[in-house]
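Student: I have a structure to read and do not know it yet. Please go through it with me.

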Amino acid sequence: MPELTVIMPVYNGESFLPEAIDSVLNQTFSNFKLLILDDNSKDKTSKILEDYKQKDSRVEVVTKAKNVGPANLRNEGIALAETEYIALLDADDIALTTRFEKQIAFLKDNSEYGVCGTWFTFFGDKKNKKVRHEVDHDSIKIQMLNNCCIGNPTVMFKKSHLEGLHFENEYVPAEDYGLWSQLTFKTKFYNIPESLVLYRWHPNNISQKKVENLRKAEVVIKKKQLNHIGIPMNDENMEFYLNAVSIKKGLSKKEIKNTIEASKKLIQLNAEKNIYKQDLFISHIDRTIIRSIRNCKENTQAYYKYIKSESGYYSKISTLDAIVLYFKCLF
């Protein structure tokens, strides 16, 4: 009986699929089943998959009669998995050889943790760049308020910790952000501080093809997180609560003032409910608001006076930023 199920959705993946599969089959941890879900591909994907099935008994293929999308494919893979440990990898990415060995060791040794990611490195059309996400759970949970800080193709998780949560197809291509941001409230997360996945960047990345839906989905996902500390989804001041935890450039003086007031409410609610670690939560809000102050679209003397005398943030701004702000508002 394998200990791990590796789920790999694919659609028209002939260009990169062999590299992705080989990176799984060559792992130092070998007791797994590789479950590949073919989303009704029209290229040579099916032939490639058949060849791998003949070569390695660990490869299992599910072929869809119609296209259902990556979120639904992953959900189906999770439902089919008979193992507690599940790993994800996309059909155009590459897992370094020790990835599974290190992740499953961490999850076995830390029963309270349900999700383990790793750092990763972009390659392909994007210049090689190592992405170093937050490592510990409290920091990951807070950073999720601004962006998804666990690479989906780096994830290994315990199936029993999902507690009914799943990938939302309506959020594609932010379905991973939606799932992981909500799961942080149910189990603990950890990112191994080592790049163990090569993330391929190319024009057909789904995140580049569905930019508008990405933006809309991210707003809903952030609202759902704030709902955990008591902010209703339809709160009339939701815009300002979001601005306090997720940077938005080009705010007006009035918007910044409202954002600062909203942040006070967030800090008060979190002190009462203890959803986030309070010192990290305050630091996150402070960093966000200071960036908003620097990027205000109203560089006037009245704005400078407000920041210096009324906002409560002037003492938190670096000396250099204070000087730059002064001269921007003076002229």
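The questions below concern a predicted model.

Student: How many salt bridges does the structure hold?

Tutor: Side chains of opposite charge can pair when their charged atoms come close. A pair is counted here when a side-chain nitrogen of Lys or Arg is within 4 Å of a carboxyl oxygen of Asp or Glu. By that count, the number of salt bridges in the structure is 14.

Student: Which residue forms a salt bridge with Glu3, and where is that residue?

Tutor: The closest N and O atoms of the pair are 2.6 Å apart, and the partner is Lys108. The pair links distant parts of the chain, with the two positions 105 residues apart in numbering. Glu3 is in the segment before β1, while Lys108 is in helix α4.

Student: Is Lys108 buried or partly exposed?

Tutor: Buried means under 20% relative accessible area, exposed means over 50%, and partly exposed is in between. The relative accessibility of Lys108 is 42%, so Lys108 counts as partly exposed.

Student: Arg200 also has a salt bridge. With which residue does Arg200 meet?

Tutor: The N to O distance in this salt bridge is 2.9 Å, and the side chain that meets Arg200 is that of Glu19. The pair links distant parts of the chain, 181 residues apart: Arg200 is in strand β9 and its partner in helix α1 is Glu19.

Student: Of that pair, why does Arg200 count as buried?

Tutor: The limit for buried is under 20% relative accessible area. Glu19 has 38% and is therefore partly exposed. Arg200 counts as buried because its relative accessibility is 8%.

Student: Which residue forms a salt bridge with Lys316?

Tutor: The closest N and O atoms are 3.3 Å apart in this pair, formed by Lys316 and Asp286. Lys316 is in the loop between α12 and α13, 30 residues apart from its partner in helix α11. Lys316 is partly exposed at 41%, whereas the partner is buried at 14%, and that partner is Asp286.

Student: Which residues are joined into one network by salt bridges that share partners?

Tutor: Here the salt bridges have partners in common, which puts the residues into one network. Its members are Arg74, Asp90 and Glu175.

Student: What do the buried residues of helix α3 pack against?

Tutor: Helix α3 covers residues 70–80, and its buried residues are Ala71, Leu73, Arg74, Asn75, Gly77 and Ile78. An α-helix has 3.6 residues a turn, so residues three or four places apart point the same way. The elements that the buried residues of α3 pack against are β1, β2, β4, β8 and α6.

Student: Is Thr118 buried or exposed, and which residues does Thr118 touch?

Tutor: Thr118 lies in strand β6. Its relative accessibility is 0%, so Thr118 counts as buried. Not counting residues up to four places away in sequence, Thr118 touches Gln103, Thr154, Asn191, Ile192, Glu194, Leu196 and Val197.

Student: Which residues are joined by a cis peptide bond?

Tutor: Most residues other than glycine have a negative phi, and most peptide bonds are trans. In this chain a cis bond has an omega of about 10°. Pro173, one of its two residues, is in the loop between β8 and α6. The bond joins Val172 and Pro173.

Student: What is phi of Asn12, and what is phi of Asn40?

Tutor: Asn12 lies in the loop between β1 and α1, and Asn40 lies in the loop between β2 and α2. Each has a positive phi in a residue other than glycine. Phi of Asn12 is near 50°, and phi of Asn40 is near 60°.

Student: Which residues make the nonpolar surface patch of about 530 Å²?

Tutor: One of the members is Phe327, which is in helix α13. Phe327 has a relative accessible area of 43%, so it is partly exposed. The patch is made by Ile323, Tyr326, Phe327, Leu330 and Phe331.

Student: Which residues form the negative surface patch?

Tutor: Asp136, one of them, is found in the loop between β7 and α5. With a relative accessible area of 37%, Asp136 is partly exposed. The patch is formed by Glu134, Asp136, Asp138 and Asp279.

Conventions:
Residues numbered from 1 in each chain as written. Predicted model: local features only at pLDDT ≥ 70, side-chain atom pairs only at ≥ 80, totals over all residues. Heavy atoms only, no water. Patch = residues over 30% accessible without salt bridge, like charges linked within 9 Å, V, L, I, M, F, W, Y side chains within 5 Å. Areas by Shrake-Rupley, 256 points an atom, 1.4 Å probe, with all protein chains shown as cover. Helix = DSSP H or I, 4+ residues; strand = E, 2+ residues; numbered from the N terminus. Buried < 20%, exposed > 50% of the residue type's maximum accessible area, 1.4 Å probe, protein only. Lys, Arg positive; Asp, Glu negative; His and termini not counted. Charge placed at Lys NZ, Arg CZ, Asp CG, Glu CD. Contact = heavy atoms within 4.5 Å.
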